[in-house]
Amino acid sequence: GRCLSRSTLTIISKQEREWTGTPSTTQLLNGTRLSYLQLTKEYYIDPKSTAYALLGTKVHKELEIQGRDVDATLVEKKLGTEITGTPDLYEYSFHDGEHILVDRKTWGSFRVAKVLGLKAIKIPDPSGATYQRSGSGYKAGEPKMITVFEYDPASQDTFESDMQLNHYRLLLEAAGYPVDKMMLEVIVRDGNTYIANSRGITEEMYYIPVRELDDNDVLIYFNHKKRDLLHCLENHIMPDPCKPWETWDGIRCQRYCQVWEHCDVGIAAHQNES
């Protein structure tokens, strides 16, 4: 029988955007090989693997509808000519007097913890409790240790979100919209669960500031990625393998890449997993 309802399958089939010849911000944030293969090869999608993507799409759509009813708000407006981008939300805060660029994400707690830079450390229990019996690594009478989380800037992994929002900022500014602040509005899809709490994620939504990068650094990065992608498409050249940060240190190749069967690195990742 059918794996899912026809209406759901129809929605899934329309998730992929048609290639217009102009790359988007999100396409260029992907590894060049990934974007190249998505544009040049046929590939299959496991419908049930898109559950979280569908959830994110539904949330985005609902918030988009609500956002259009708020004064001084710009929602899902496509910008740019050489490289396109569609910011989720641009609004004016009457309270702070600031123009704010917001990008909405639906992430798992692991990724949220990485973006926040949370690091687990052991400290003595503030209550003064001690171990009643000796055990592995501790003795009776010693202070009981508990796990807490601290923010560690060195552990933060914000490259992708920093680049994405800063490029949106440049597109907005070029169109005459000033940007005073950039924020990520994140829904934690496994929020309020044991595994999320074990990673230091104690809330179900986060509003995370994004730092402003040097304009030239952002432009150089995206123009370089655009040049590489278009060169490979025009000359039918397989791009170099995706960079480690583009593959989430290999996790994307193993679990989340839809075109892995056309890539030697993807094939090897699946063979190693089995």
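# Exercises on a predicted model

Just after α5, glycine 117 has a positive phi of about 75°. The model is a predicted one. The exercises below start from the whole chain and end with single residues.

## Exercise 1: The chain as a whole

State how many helices and strands the chain has, and what share of its residues is buried.

Solution.
- Step 1. Count the elements: the chain holds 10 helices and 7 strands.
- Step 2. Take burial next. Of the 274 residues in the chain, 36% are buried.
- Step 3. Turn to contacts between residues at least 6 apart in sequence. Among these, 67% join residues at least 24 apart.

## Exercise 2: The sheet

Give the strand order of the open sheet and identify its edge strands.

Solution.
- Step 1. The open sheet has 5 strands, in the order β1-β2-β3-β6-β7. Its pairing is mixed.
- Step 2. Find the strands that pair on one side only: these are β1 (73-75) and β7 (205-210), the edge strands.
- Step 3. Add the twist, which averages 25° from one strand to the next.
- Step 4. Look at one pair. β2 (residues 89-93) and β3 (residues 98-107) run antiparallel, paired over 5 bridges. Within this pair, serine 93 stands opposite glutamate 98 of β3.

## Exercise 3: The helix on the sheet

Find which strands helix α6 touches, and the angle its direction makes with that of β3.

Solution.
- Step 1. Helix α6 spans residues 159-174 and packs on the sheet.
- Step 2. List its strand contacts: β1, β2, β3, β6 (181-188) and β7.
- Step 3. Compare directions. α6 makes about 140° with β3.

## Exercise 4: Two helices

Classify the packing of α6 and α8 by the angle between them.

Solution.
- Step 1. Two packed helices are described by the angle between their axes and the distance between the axes.
- Step 2. The axes of α6 and α8 (residues 215-235) come within 10 Å. They cross at roughly 100°.
- Step 3. Angles of 65 to 115 degrees count as roughly perpendicular. The two helices, α6 and α8, are therefore roughly perpendicular to each other.
- Step 4. Name the residues. From α6 come Phe159, Met163, Asn166, His167, Arg169 and Leu170. They meet Asp215, Asp217, Val218, Leu219, Tyr221 and Phe222 of α8.
- Step 5. Sort the residues of this α6 and α8 contact: 7 are nonpolar, 2 polar and 3 charged.

## Exercise 5: The face of a helix

Work out how the buried residues of α5 are arranged around its axis.

Solution.
- Step 1. In α5 (residues 109-116), the buried residues are Ser109, Val112, Ala113, Val115 and Leu116.
- Step 2. Look down the axis of α5. The buried residues fall within an arc of 165°, so they line one face of the helix.
- Step 3. Recall the helical repeat. An α-helix has 3.6 residues a turn, so residues three or four places apart point the same way.
- Step 4. Identify the partners. The buried residues of α5 pack against β3, β4 (118-124), β5 (145-151), β6, α7 (194-198) and β7.

## Exercise 6: Two residues in β3

Decide whether aspartate 103 and threonine 106 are buried or exposed.

Solution.
- Step 1. Place them. Aspartate 103 lies in β3, and threonine 106 is also in β3.
- Step 2. Buried means under 20% relative accessible area.
- Step 3. Aspartate 103 has 3% and is buried. Threonine 106 has 14% and is buried.
- Step 4. Set aside neighbours within four places in sequence. Aspartate 103 then contacts Asp88, Gln164, Leu165, Tyr168, Met183, Leu184 and Glu185.
- Step 5. For threonine 106, take the C-alpha separation from glutamate 185: 8.6 Å, with their positions 79 residues apart along the chain.

## Exercise 7: Three loop residues

Locate asparagine 192, tryptophan 248 and threonine 202, and give the exposure class of each.

Solution.
- Step 1. Asparagine 192 sits in the loop between β6 and α7. Its relative accessible area is 60%, so asparagine 192 is exposed.
- Step 2. Check its backbone. Asparagine 192 is not a glycine, yet has a positive phi of about 65°. Most residues other than glycine have a negative phi.
- Step 3. Tryptophan 248 is in the loop between α8 and α9 (251-256). Its phi is also positive, near 55°. At 29%, tryptophan 248 is partly exposed.
- Step 4. Threonine 202 is in the loop between α7 and β7. With 62% relative accessibility, threonine 202 is exposed.
- Step 5. Threonine 202 and serine 109 are 93 residues apart along the chain, and their C-alpha atoms are separated by 9.4 Å.

Conventions:
Residues are numbered from 1 along each chain as its sequence is written. This is a predicted model: local features need pLDDT of at least 70, side-chain atom pairs count only at pLDDT 80 or more; totals for chains, interfaces and linings use all residues. Side-chain values use heavy atoms; hydrogens and water are left out. Two strands pair if DSSP finds at least two bridges between them. Helices (H or I, at least four residues) and strands (E, at least two) are DSSP runs, numbered from the N terminus. Axes are lines fitted to C-alpha atoms, for helices over the stretch in contact, and angles run from 0 to 180 degrees between N-to-C directions. Contact means heavy atoms within 4.5 Å. Angles under 35 degrees count as roughly parallel, over 145 as roughly antiparallel, 65 to 115 as roughly perpendicular and the rest as oblique. Ala, Val, Leu, Ile, Met, Phe, Trp, Tyr, Cys and Pro count as nonpolar, Asp, Glu, Lys and Arg as charged, and the others, Gly among them, as polar. Buried means under 20% relative accessible area, exposed over 50%, partly exposed in between (1.4 Å probe, protein chains only). The arc is that of the directions from the helix axis to the C-beta atoms.
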